[in-house]
Amino acid sequence: MEYKPLEVEKKWQKKWLETGAFEPSEDLSRPKKYILSMFPYPSGRIHMGHVRNYTISDAIARYYRRQGFNVLHPIGWDSFGMPAENAAIKNGVHPKKWTYENIDYMRRELNSLGLSFSSERELATSDALYTKHEQNIFIKMYEKALVYRKSATLNWCPSCQTVLANEQVEEGKCWRCSAVVEQREMPGYYLKITKYAEELLEDLKKLENHWPAQVLTMQENWIGKSEGLEFEFELSEESKELLGGKFHGYKVFTTRPDTIFGVTYSALAPNHPIVNEILQLKLLDKDKISAVKKMQKQSAKERQSSEKEGLDLGISVVHPLTKKKIPVWAANFVLLEYGGGAVMAVPAHDERDFEFAQKYSLPIVQTVKSNGENSPLPFTEYGVLVNSAEFSGLASAEAKKKIIDFFEKNSIGKRTVNYKLRDWGISRQRYWGAPIPIVLCPKCGAAPEKEENLPITLPDDVQITGEGNPLDKHPTWKFTKCPKCGSDAQRETDTMDTFVQSSWYFLRYTTPKNLWHETPFDEKSVKYWMSVDQYIGGIEHAILHLLYSRFFTKALRDMGFIEGIDEPFVNLLTQGMVLKDGAKMSKSKGNVVDTDSIIEKYGADTARLFILFAAPVQKELEWNDSAVEGAFKFIKRLCDRSDNDEHYNRLPEIKHSLLSKEEQYARKKVYEALKKSAESYKNGSYSFNTLIAASMEAFNALSAQENRTVWSEGYFILLNVLEPIIPHAASEISEKLFGCENLTGQIKIDERVFEAQNMILAVTVNGKRRAEFEISINASKEEILSAGKAAAAKWIDGMNIKKEIYVDKKLVNLVVA
């Protein structure tokens, strides 16, 4: 059969679409598999990273669909976001038009790969209906105090008139216009993810051996549970007076109370309220005020990466145990959002504090030593306390407990569990996002919109210039009536972080489209399909997307939207990146491989075969043009040799023991491929590279023998194995040879092919090994002894054989004289 990839692929893609081959059944009594890849942002073109991601999920979905499972394998578009606004600024095209044109183009590209997605459940998160349900969820969260509004310090570009993410601040300047970024106090909306910190941490245990260990560790570190001591540093009396009696002190948290006697200074974040008050009262000279303001302008990311800097604020606090005065400094390494923006500094036992103390010649007092011996500083390990009053001589672990007990007994501190995890700020001062459904009323304050008024959609008549939020400037859109009192009010002009949309889309897919208007997700459908059996995506989403999705699942469970689902994704596969010339593909590096041109030249099956064969799915994949050519040649050979076959609608009956050695070997390699296929899917390793290698070996073994029945059986099985990987070519050959009967149901493995047909026996003559021979395992003792004597003929020629001994399946021993 001549291989014409584009012709064959067009035929089968049309057939699959017309028959609804990839739509899940509404029979919810069947065993199910929910296979999901992280949905793409509609940037305009798919890249090889997309091809790899979706080919992996497609192979898994096709396999389980063929095994009789009811398979949900959906696709959608994470379609809100800043790139659409950037395109509008650059090209003068409306974000909505740009987005939906890209979706149409990328849909055609994905379809050209033969991906078995459900077309009926496709969604875009910028669709008005999706926004309606998302806004309703937001309001329910707001009513349950899972959403709240507060002011926080954000990166503000005075030129673009917009808030910037930390990643958009480069050397203190706006990434787009290079204006100096300011730190500005602004109101925003926050999701109370910290309420679920302990459950999010504890439930990671349920995901062990199902998620990559690296991802679990990253999530655990991000949540960052720590147990320690919280206490207040009270300002000295003169410091209270300097600040006009406005502050009594500030709280600090430490995981190392055993080092508390080593505190020699305390440090505040540059934007701490006390620091702001000092600036307001002009208690520092002009140079110091300028230095503080410079630190305040740095983003959190820049502060963490830059050299440690600080200055003495001219105030002091009182050590809670020694009662000594401790100087208070402003330091760029202290962040307001962590620990309240204040730390107790113990330079002898903390690398950061030590570096800072050395730079500014601050005292260093060692209070923990290794087994009481002198240790080089900073000594950050546990040891034995010294210079610590009545706690000296105690081991760190015991001292931590007793010091916390002392603080609690004297009501000057308490034992506390802390988390690095912070509530999720979702406000974005951008146009192309889901509007936050809150009305700001002069009388009622922030009031959620009425449900019957949802969705609150974006106005189309906006100008995207990159300066400010178009919603804030719109002449009519933001003006409305208060849903509570009916007074004149204004809509919230912030839009939601796009991570919100991707935190529940997997639940939306479970519901048939005819129910989408009524509910965000149907109760019966969610109960049947959830949790996702296999989730596939890049390691770059290991923290935020996965953590937010886990949070949303738990919050929606507690609000009664879903029932009995604690975790959204049972199994997680993080596929490796696709590289070219040793680097990640990017337009700037000029190493992007155009997906369309590869399909045009070789066909989709070649792209699929290469992408699954070139490397294990979890590892990085290096693009190789010659390997792509090799994949094409293999499919071509598979098609060419199919002309030599006979037609069977089922597996032919073969008596394995009567076959030649070559024929038996060919059958063994074919069934090895079948066995490897079943194991690869069942154990979740998805070892497509070794599975394809086994299939190629089997094809070569079939080609080395001439038994047409063995050949037909081999094709019957191999096409079944390869169909999830090269579905177009496998379906075309299967239709021609077997009426596609080989692509339905499970093929039973003939275990006889793995049984040894022959055995190799040694021949010893008078106890010395002289020869070996191969003989059928069914041979009689007489046949074995005769063959043994023939193998050792030169050693027994002319000799008198006194004894002939056969040790079962091991050797023939001849005693001669």
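This report describes selected strands, helices and one loop residue of the structure above, which is a predicted model.

**Strand E1 and its partners**

Strand E1, which spans residues 32-37, is mostly covered, with six of its six residues buried. The covering applies to both faces, since Lys32, Tyr34 and Leu36 are buried on one side, and Lys33, Ile35 and Ser37 are buried on the other. E1 pairs in the parallel sense with strand E2 (residues 70-72) over three bridges, and within that pairing Lys33 stands opposite Val71 of E2. Between these two strands the chain passes through helix H2 (residues 48-66), and the resulting β-α-β crossover is right-handed. E1 also pairs in the parallel sense with strand E26 (residues 534-538), again over three bridges, where Gln534 is the bridge partner of Ile35.

**Two open sheets**

An open sheet of three strands runs in the order E29-E28-E30, and its pairing is mixed. Strand E29 (583-584) and strand E30 (621-622) stand at the edges with a single partner strand each, so one side of each has no neighbour in the sheet. Strand E28 (residues 578-580) pairs with E29 in the antiparallel sense over two bridges, and Lys580 stands opposite Ala583 of E29.

Another open sheet has four strands in the order E6-E5-E9-E19, with antiparallel pairing. Its edge strands are E6 (162-164) and E19 (424-425), each of which pairs on one side only. Strand E5 (residues 147-157) and E6 pair in the antiparallel sense over three bridges, with Val163 of E6 as the bridge partner of Trp156.

The strand pairings described so far are collected here.

| Strand pair | Sense | Bridges |
|---|---|---|
| E1 and E2 | parallel | three bridges |
| E1 and E26 | parallel | three bridges |
| E28 and E29 | antiparallel | two bridges |
| E5 and E6 | antiparallel | three bridges |

**Helices H21, H23 and H25**

The axes of helix H21 (residues 625-641) and helix H23 (residues 688-703) come within 12 Å of one another and cross at roughly 35 degrees, and the crossing is left-handed. On the H21 side the contact is made by Phe634, Arg637, Leu638 and Arg641, while H23 contributes Met696, Phe699, Asn700 and Ser703. Sorted by class, this contact of H21 with H23 holds four nonpolar, two polar and two charged residues. As background to the spacing within each set, an α-helix has 3.6 residues a turn, so residues three or four places apart point the same way.

Helix H25 (residues 727-738) is mostly covered, with 10 of its 12 residues buried; among them are Pro727, His728, Glu732, Ile733, Leu737 and Phe738. The elements that cover the buried residues of H25 include helix H1 (5-19), H2, helix H20 (604-613), H21 and helix H24 (708-722), and H2 is also the helix through which the chain crosses from E1 to E2. H25 is followed by Gly739, which has a positive phi near 60 degrees.

**Loop residue Gln618**

Gln618 lies in the loop between H20 and E30. Its relative accessible area is 40%, and because buried means under 20% and exposed means over 50%, Gln618 is classed as partly exposed. Apart from its neighbours within four places in sequence, Gln618 is in contact with Thr574, Gln575, Gly576 and Ser685. Gln618 and Ser586 are separated by 32 residues in sequence and by 20 Å in space, taken from C-alpha to C-alpha.

Notes. Residues numbered from 1 in each chain as written. Predicted model: local features only at pLDDT ≥ 70, side-chain atom pairs only at ≥ 80, totals over all residues. Heavy atoms only, no water. Axes fitted to C-alpha atoms, helices over the stretch in contact; angles between N-to-C directions. Left-handed = near helix turned anticlockwise from the far one by under 90°. Contact = heavy atoms within 4.5 Å. Nonpolar A, V, L, I, M, F, W, Y, C, P; charged D, E, K, R; others polar. Buried < 20%, exposed > 50% of the residue type's maximum accessible area, 1.4 Å probe, protein only. Pairing = 2+ DSSP bridges. Right-handed = clockwise from strand over helix to strand, strands pointing away.
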